[in-house]
Amino acid sequence: MKSIIKIYEENNALLNGHFILSSGKHSDKYLQSELVMMNPIVAAYAVAPLVEMLKSIDFSLVVSPAIGGIRFGYELARQLEKRAVFTERVNGVMALRRGFDIENGEKVIIAEDVVTTGKSTKECMAAVQERGAVVTAVASMIDRTGGAALFEGMPFFSLGAIDIETWEPKDCPLCKAGSAPIKPGSR
Ligand SMILES: [Zn+2]
């Protein structure tokens, strides 16, 4: 079994350069998960170890924050034979749309491709809790939290962890060296 980092590297999804992250911070590496998920065979292989990890977790639905979590959550649900839905931002607020429904008290897991600050994961969680869901775990492809316990005792499973150094723009050594950062998110 290859490590998830190796899989990202092989699919040119671990980018090297000078990036502005969604947090506004700068870094010299960026994880572009869609380049892993774009090949269904690679996606299936990458996600497979989570099936075993999630065996003890009770849930019937996988919920992902759009867009990064969608294909990961769908592939995870496919392998686990569960349903998959996603939340998306409406005027900046994470919401469940498109006729996706959650039964009151339904047990769900949240699936996000890369968890860093946990912001979109938590917003997705809040959106489904508001609809009566009980969140039983969080799953991610890559844990970029640096060991921060973001989900208050909630089981958190990931395929692997990576530490990517980030800097405030004013402290960024790449900026100081004269390079211009790019925003890689949806490019
Ligand atoms: Zn910079």
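**Figure 1. Helix α5 and the residue that follows it, E81.** Just after α5, E81 adopts a positive phi of about 55°. The model is a predicted one: local features require pLDDT of at least 70 and side-chain atom pairs count only at pLDDT 80 or more, whereas totals for chains, interfaces and linings use all residues. Residue numbers start from 1 along each chain as its sequence is written. Helices (DSSP runs of H or I, at least four residues) and strands (runs of E, at least two) are numbered from the N terminus. Because nine of the 11 residues of α5 are buried, the helix is largely enclosed by the rest of the structure. The buried residues of α5 are I70, R71, F72, G73, Y74, E75, L76, A77 and L80. A residue is termed buried if 20 or more other C-beta atoms lie within 10 Å of its own, exposed if 12 or fewer do, and partly exposed in between, with C-beta atoms placed from the backbone.

**Figure 2. The cis peptide bond between A66 and I67.** The bond joining A66 and I67 is cis, with omega of about -5°. I67 belongs to the loop between β3 and α5. Most peptide bonds are trans, and most residues other than glycine have a negative phi.

**Figure 3. The open sheet and the packing of α5 on it.** Six strands make up an open sheet with mixed pairing, in the order β5-β4-β3-β6-β7-β8. The edges are formed by β5 and β8 (156-161), each of which pairs on one side only. From one strand to the next, the twist averages 25°. Helix α5 (residues 70-80) packs on the sheet and touches β3, β4, β6 and β7, and its direction makes about 170° with that of β3. Angles run from 0 to 180 degrees between N-to-C directions, and axes are lines fitted to C-alpha atoms, for helices over the stretch in contact. β3 and β6 run parallel and are joined by three bridges; L61 has V108 of β6 as its bridge partner. Strands are taken to pair if DSSP finds at least two bridges between them.

**Figure 4. Strands β6 and β7 and the crossover between them.** Eight bridges link β6 and β7 in the parallel sense. I110 stands opposite V138 in β7. Eight of the nine residues of β6 are buried, leaving this strand mostly covered. The chain passes from β6 through α6 to β7 in a right-handed β-α-β crossover, meaning that, with the strands pointing away from the viewer, the path from the first strand over the helix to the second runs clockwise.

**Figure 5. Helix α6 and its buried side.** The 12 residues of α6 (residues 119-130) should span 16 Å at 1.5 Å a residue, and the end C-alpha atoms are 17 Å apart, which agrees. The expected span is 1.5 Å times one less than the number of residues. S120, T121, C124, M125, A127 and V128 are buried in α6. These residues cover an arc of only 160° around the axis, which puts them on the same side of α6; the arc is that of the directions from the helix axis to the C-beta atoms. The buried residues of α6 pack against β3 (61-65), β4 (83-90), β5 (93-96), β6 (107-115) and β7 (134-143). Just after α6, G132 has a positive phi of about 95°.

**Figure 6. The surroundings of L14 in strand β1.** L14 lies in β1 (residues 14-20). L14 is buried because 21 other C-beta atoms lie within 10 Å. Apart from neighbours within four places in sequence, L14 is in contact with I5, Y8, E9, K29 and L31, where contact requires C-beta atoms, placed from the backbone, within 7 Å. The C-alpha atoms of L14 and Q32 are separated by 6.4 Å, although these residues are 18 residues apart along the chain.

**Figure 7. Two loop residues with positive phi, R98 and E152.** R98, in the loop between β5 and β6, has a positive phi near 60° although it is not glycine. R98 counts as exposed because it has 9 C-beta neighbours inside 10 Å. E152, in the loop between β7 and β8, has a positive phi near 45° and is likewise a residue other than glycine. E152 counts as exposed, with 6 C-beta neighbours inside 10 Å.

Methods
Contact = placed C-beta atoms within 7 Å.
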